[in-house]
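Here are some notes to read beside the structure, set out as numbered points. Please keep the sequence open as you go through them.

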Amino acid sequence: FAGDKGLDGYSKKKYVCKLLFIFLLGHDIDFGHMEAVNLLSSNKYTEKQIGYLFISVLVNSNSELIRLINNAIKNDLSSRNPTFMNLSLHCIANVGSREMAEAFAADIPRILVAGDTMDSVKQSAALCLLRLNRTSPDLVPMGEWTSRVVHLLNDQHLGVVTAATSLITTLAQKNPEEFKTSVSLAVARLSRIVTSASTDLQDYTYYFVPAPWLSVKLLRLLQCYPPPEDAAIRGRLTECLETILNKAQEPPKSKKVQHSNAKNAVLFEAISLIIHHDSEPNLLVRACNQLGQFLQHRETNLRYLALESMCTLASSEFSHEAVKTHIETVINALKTERDVSVRQRAVDLLYAMCDRSNAQQIVAEMLNYLETADYSIREEIVLKVAILAEKYAVDYTWYVDTILNLIRIAGDYVSEEVWYRVIQIVINRDDVQGYAAKTVFEALQAPACHENLVKVGGYILGEFGNLIAGDPRSSPLVQFDLLHSKFHLCSVPTRALLLSTYIKFINLFPEIKGTVQGVLRSDSQLKNADVELQQRAVEYLRLSCIASTDILATVLEEMPPFPERESSILAKLKEKKGPGGLVPDMEEGRKERSTDVNGGMEPVSVSNNAKTTTPSPSADLLGLGSAPSLNSAPPPASGASLLVDVFSENSGSPTALAPADENFSRFVCKNNGVLFENQLLQIGLKSEFRQNLGRMYIFYGNKTSTQFLSFSSSVMCPDSLTSHLNVHTKPVDPTVDGGAQVQQILNIECVSDFMEAPVLSIQFRYGGTLQNIAVKLPITLNKFFQPTEMSAQDFFQRWKQLSAPQQEVQKIFKAKHSMDTEVTKAKIIGFGVALLDRVDPNPSNFVGAGVLHTKSTQVGCLLRLEPNTQAQMYRLTLRTSRDTVSQRLCELLCDQF
């Protein structure tokens with residue numbers, strides 16, 4: 001370049017090409033860039049093309065030549081020569097840097113919508129704008145161009161329409177409201193394509209399929225929106241979808257694979273739209289039947305796609321029954337498919353189509369398949385079998401048998417969450433405890449037992465071994481010898497659990513106390529190298545020697561029922577599948593609700609953060625989990641899915657007008673849980689309070705597969721509350737994706753004591769319909785308590801000082817719940833006051849003290865609760881320095897007992 005100044009354009013082009021080739025071979029090129037830039041100013045297409053090609057490949061955004069390059073591109077964009085304009089647009093899109101976006105983002109929309117722009121340039125401009133929007137969305141100004149870009153869907157040139165549809169789809173996903181006018185135009189264009197003869201679209205017909213790429217893109221654009229509200233547009237779209245389904249039934253017009261691929265691409269995208277709208281039962285059933293035909297197709301990819309789409313169809317109440325008719329075909333696929341990914345989709349579909357009518361058949365088939373399943377999917381199958389067995393268990397003996405069989409077949413893949421859950425269910429159901437003890441005892445007699453079976457057996461026999469001890473074949477000594485025979489084969493955590501079982505045996509079976517103490521006293525235990533085992537052995541041995549029978553019975557009493565919370569197995573499966581990986585639970589949608597294992601309900605969780613944690617009344621010696629919630633409410637009368645929380649209730653209608661307050665009282669003594677739930681939305685709370693300030697995290701969970709649009713929430717305070725309570729809300733995301741959740745934070749300040757509660761008002765669009773939900777927020781006066789420890793002398797001295805008639809409120813009322821001492825204690829502590837021991841002369845009475853913090857003042861509070869178990873009555877006495885506070889606290893606390 002430098003030696004001969006007389007190089008012509010052809011020679012420059014040739015040498016730049018050689019440099020480009022050298023670069024592609026892997027060598028660094030640090031010269032010749034300027035010659036490539038000079039080629040951009042040439043008027044010959046071939047020279048300009050090589051210049052742009054060199055720049056697209058070699059020049060980065062930090063290059064010193066970028067200004068010269070931008071000027072050359074700007075000149076070409078304004079040249080009105082369509083060939084040069086296309087070259088420059090391709091270069092902008094290929095480089096796609098932020099500098100390019102800053103320089104040209106304002107010019108490209110103008111070129112795109114200009115009336116005199118050539119069709120080929122419009123195509124390039126639309127795709128270039130799409131590229132810049134993906135790399136630098138904040139720099140692409142679409143507001144003023146929106147309507148004109150949308151109207152490109154009416155363009156006569158199908159290439160322009162195809163490019164514009166790609167652009168509009170991406171923009172609509174981010175700003176659906178701005179581009180909602182595209183729905184009617186997309187439906188009109190799709191209708192023209194679907195109903196046209198192949199000769200009408202001759203240039204865009206691919207192997208007898210009219211404009212397949214454009215059809216797929218239009219169908220994908222329509223999936224950004226709910227079904228059209230306009231009846232005419234909706235009818236036209238339904239007609240299009242029916243036509244696509246009808247064409248799928250016609251004999252193929254060509255035997256070539258390109259024809260079937262194009263035809264099936266449009267069909268599957270149409271089915272995706274039908275599933276997304278989930279509003280036309282006829283279309284859903286037809287789509288299901290069409291997919292059913294593909295389940296036995298010789299093409300593996302079609303079978304895979306059919307199984308995947310049917311998983312989603314199984315979640316619709318309209319098509320669930322139609323999907324179930326293909327159960328035998330899916331089971332056969334599970335047994336015969338050679339491709340592991342197809343078998344995995346078959347497992348997913350069996351899981352999705354399972355309900356009470358076919359649960360036992362599906363679980364049995366999954367267990368059979370598990371023995372030969374690919375190692376990569378065994379853990380997931382184990383989790384699904386465990387969930388289905390629990391969820392649809394009518395006879396819990398079948399559930400116990402299933403899980404033990406699961407451990408036998410695939411013990412290495414049974415996570416802790418699975419066997420934890422078995423223990424929780426057995427402990428919470430009296431009717432299955434004896435059967436479980438007998439079954440695990442028999443299972444442990446096998447010469448080779450998986451360690452997870454030893455854990456389950458150790459826990460259950462330690463709790464309920466006495467239920468089978470009457471049989472000489474399972475006498476206490478036989479049970480102990482059987483468990484101890486497995487001891488030396490187990491890992492340290494399992495040995496620790498077995499030691500806890502042994503100390504429980506001393507309480508259950510005093511006749512084998514000497515034998516158990518002998519094992520605990522052995523050097524292998526007392527001098528064990530593992531500090532945990534050594535400590536357990538020493539402490540348990542000492543406990544068994546010095547404690548009386550009564551103390552032992554108290555310390556080692558049977559584990560109380562576990563609190564209801566999100567199934568840890570379901571949480572594990574969600575974590576394994578990732579966000580959006582689980583098929584929505586249609587058992588809820590169809591309201592075929594089953595009574596929970598514990599008579600309560602446990603939520604399809606809004607968030608892991610929303611789990612309820614409560615103090616434990618007794619130690620969990622086996623380390624399995626927390627003891628029961630002491631302030632849990634009694635089981636609701638109507639059950640729900642097995643995987644639904646004890647605090648969740650199903651609302652009958654998706655639209656609530658009056659504030660929902662059925663769960664309000666449950667939050668008086670707790671801060672976390674599910675506040676509201678219906679078929680569409682679940683609202684979970686997590687709160688924390690300190691003195692007169694509080695913070696509340698609200699989790700909105702979309703239970704559907706459809707996006708919530710225009711989502712907004714606000715907190716409304718009655719006029720009588722505004723001067724007493726300040727609530728500041730942070731804005732919430734306006735769109736909530738299907739199966740996702742969003743969080744909102746509320747900051748709360750108590751200015752002075754108050755009586756009423758604020759109302760949370762939620763609005764969003766679902767399926768084209770505006771939903772309004774109002775829920776009473778559990779912000780109550782007692783949340784601003786700080787517990788106060790006091791001696792008996794200080795308490796009664798203060799009690800006497802608050803003796804004025806207006807300072808005391810007393811109420812005698814009938815007990816609504818069982819009068820359990822531990823539960824009562826926990827509720828008083830949850831109410832916010834300090835529970836004072838050994839203050840009241842009567843040990844069965846409860847006494848508490850606390851200080852209510854507001855911005856303006858502090859109010860001391862003393863309470864005394866006197867239970868009469870014979871009459872099933874309570875007397876509650878509250879004394880505070882302010883009569884309105886006494887009255888309100890009394891109202892709140894009375895509802896809890």
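**Notes on the predicted model**

1. Of the 897 residues in the chain, 54% count as buried. The model is a predicted one. The chain holds 37 helices and 16 strands. About 39,100 Å² of the chain is exposed, and carbon and sulfur atoms supply 49% of that area.

2. The contacts say something about how the chain folds back on itself. Among contacts with a separation of 6 or more, 70% are between residues 24 or more positions apart. Several of the points below give examples of residues distant in sequence that meet in space.

3. Start with strands β3, β4 and β5. Strand β3 (residues 672–677) pairs with β4 in the antiparallel sense over 5 bridges. Within this pairing, Gln682 of β4 is the bridge partner of Glu677. The two strands form a hairpin, with 3 residues between them.

4. Strand β4 also pairs with β5, again in the antiparallel sense, and here over 10 bridges. Leu685 has Ile698 in β5 as its bridge partner. These two strands form a hairpin with 2 residues between them, and Gln691 in the turn has a positive phi of about 55°.

5. Is strand β4 largely enclosed or left open by the rest of the structure? In β4 (residues 681–690), 7 of the 10 residues are buried, so the strand is largely enclosed. A residue counts as buried when its relative accessible area is under 20%.

6. Next comes a sheet made of 3 strands. It is open, its order is β6-β9-β10, and the pairing is antiparallel. Strands β6 (709–716) and β10 (769–776) stand at the edges with a single partner strand each, so one side of each has no neighbour in the sheet. From one strand to the next the twist averages 15°. Strand β9 (residues 759–766) pairs with β10 over 8 bridges in the antiparallel sense. Val759 stands opposite Lys776 of β10. As background, side chains in a regular strand alternate between the two faces of the sheet.

7. The aromatic rings deserve a separate look. The count comes to 19 aromatic pairs. In one of them, the rings of Phe268 and Phe294 have centres 5.6 Å apart and planes at 25°, so this pair is stacked. Planes under 30 degrees apart count as stacked. The pair links distant parts of the chain, with Phe268 in helix α14 (residues 257–277) and Phe294 in helix α15 (residues 281–294), 26 residues apart. Phe268 counts as buried at 9% relative accessibility, and Phe294 counts as buried at 8%.

8. Another ring pair is Phe708 with Phe764: the centres are 4.2 Å apart and the planes at 25°, so this pair is stacked. Phe708 lies in the loop between β5 (693–702) and β6, while Phe764 is in strand β9, so the pair ties together parts 56 residues apart in sequence. Phe708 and Phe764 are both buried. They also belong to a cluster, in which ring pairs link Tyr700, Phe708, Phe711, Phe764 and Tyr766.

9. Two loop residues are worth inspecting one at a time. Asn782 is in the loop between β10 and β11 (785–787). Its relative accessible area is 2%, so Asn782 is buried. Which residues does Asn782 contact, leaving aside its neighbours within four places in sequence? They are Val668, Phe831, Leu889 and Leu892. With Phe831 there is a polar link as well: the Asn782 side chain reaches the backbone oxygen of Phe831 at 3.0 Å. Asn782 and Leu852 are 70 residues apart in sequence, yet their C-alpha atoms are 7.3 Å apart in space.

10. The other loop residue is Thr854, placed between β14 (846–853) and β15 (858–868). Thr854 has a relative accessible area of 8%, so it is buried. Its side chain reaches the backbone oxygen of Thr857 at 2.7 Å. Leaving aside neighbours within four places in sequence, Thr854 is in contact with Asn692, Cys750, Val751, Ser752 and Asp753.

Key. Residues are numbered from 1 along each chain as its sequence is written. This is a predicted model: local features need pLDDT of at least 70, side-chain atom pairs count only at pLDDT 80 or more; totals for chains, interfaces and linings use all residues. Side-chain values use heavy atoms; hydrogens and water are left out. Two strands pair if DSSP finds at least two bridges between them. Helices (H or I, at least four residues) and strands (E, at least two) are DSSP runs, numbered from the N terminus. Axes are lines fitted to C-alpha atoms, for helices over the stretch in contact, and angles run from 0 to 180 degrees between N-to-C directions. Buried means under 20% relative accessible area, exposed over 50%, partly exposed in between (1.4 Å probe, protein chains only). Contact means heavy atoms within 4.5 Å. Accessible areas come from the Shrake-Rupley method with a 1.4 Å probe; for residues, only the protein chains shown count as cover. A polar contact is a pair of N or O atoms within 3.5 Å; within protein, one must be able to donate a hydrogen and the other to accept it, and residues adjacent in sequence count only if both atoms are side-chain atoms. Rings of Phe, Tyr and Trp (its six-membered ring) pair if their centres lie within 6.5 Å; planes under 30 degrees apart count as stacked, over 60 as edge-to-face and the rest as tilted.
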